[in-house]
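Grab a pencil and work through a few exercises on charges, cysteines and surface residues. Each task comes with a worked solution.

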Amino acid sequence: MYCLAVSSLNEIPWDELRAKARVAAAKSYAPYSHVHVGAAGYTSDGRVIEGSNVENASYGLTLCAECSLLGDLVRQGAGRIVAVAIVAGDGEPIAPCGRCRQLLFEHGGSELLVDAGASSPPTRLIELLPGAFGPDDLGPRSGS
């Protein structure tokens, strides 16, 4: 089980995350759907990471902004992600798709906070992905 590295929601720079997610959305590559998405996350060691969606003519190969964000997390060796803001091209929050919820769970766990906008409290990932499957499920099931 993963615990937040911050002692309160007030320590998470939500305004900065939202602003960086909006910039990332503006830099996304979305020539097919025209749905520009950006994400910014706060890590367990206090870094801010960013990602943008990158579409592909073969739609299944499209990378969501959260995929790009997690690539940045791993590239920087930034630990775990504790909070994330995801916005569409209009600058407003957009929920992560099912695939991205699973990817976020892998690198943030059930307590990862997903921004719901300035006027709403963040949502814990476990509320968006109940009964999540993660690394802890693999060891006991391997048969070794």
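**Exercise 1. Find out what surrounds the charge of Arg101.**

Start with burial: Arg101 is buried, meaning under 20% relative accessible area, with exposed being over 50% and partly exposed in between (1.4 Å probe, protein chains only). Next, look for a partner. Arg101 has no salt bridge, and the nearest side chain of opposite charge, Glu66, sits 7.8 Å away. For the charges, Lys and Arg count as positive, Asp and Glu as negative, while His and the chain ends are not counted. A salt bridge needs a side-chain nitrogen of Lys or Arg within 4 Å of a carboxyl oxygen of Asp or Glu. Finally, check the neighbours: leaving out residues up to four places away in sequence, Arg101 touches Ala95, Pro96, Leu125, Leu128 and Leu129, where contact means heavy atoms within 4.5 Å.

Before you go on, remember that this is a predicted model, where local features need pLDDT of at least 70 and side-chain atom pairs count only at pLDDT 80 or more, while totals for chains, interfaces and linings use all residues. Residues are numbered from 1 along each chain as its sequence is written, and side-chain values use heavy atoms, with hydrogens and water left out.

**Exercise 2. Work out why Cys67 has no disulfide with Cys100.**

First the rule: a disulfide is a pair of cysteine sulfur atoms within 2.5 Å. Now the distance: the closest cysteine sulfur to that of Cys67 belongs to Cys100, and at 4.4 Å it is too far for a bond. Then try Cys97: its nearest cysteine sulfur, again that of Cys100, is 3.6 Å away, and Cys97 is in no disulfide. The final tally is 0 disulfides. As for exposure, Cys67 is buried at 15% relative accessibility, whereas Cys97 is partly exposed at 34%.

**Exercise 3. Trace the salt bridges of Arg18 and Arg75.**

Take Arg18 to begin with: Arg18 pairs with Asp15, the closest N and O atoms being 3.1 Å apart. The two are 3 residues apart in helix α1, so about one helical turn separates them. Arg18 is buried at 10% relative accessible area, but Asp15 is exposed at 62%. Follow the links further and you get a salt-bridge network of Asp15, Arg18 and Asp115.

Now Arg75: its partner is Asp72, with closest N and O atoms 2.4 Å apart. Both lie in helix α2, 3 residues apart. Here Arg75 is exposed at 63%, and Asp72 is buried at 13%. The structure holds 7 salt bridges.

Notes. Helices (H or I, at least four residues) and strands (E, at least two) are DSSP runs, numbered from the N terminus.
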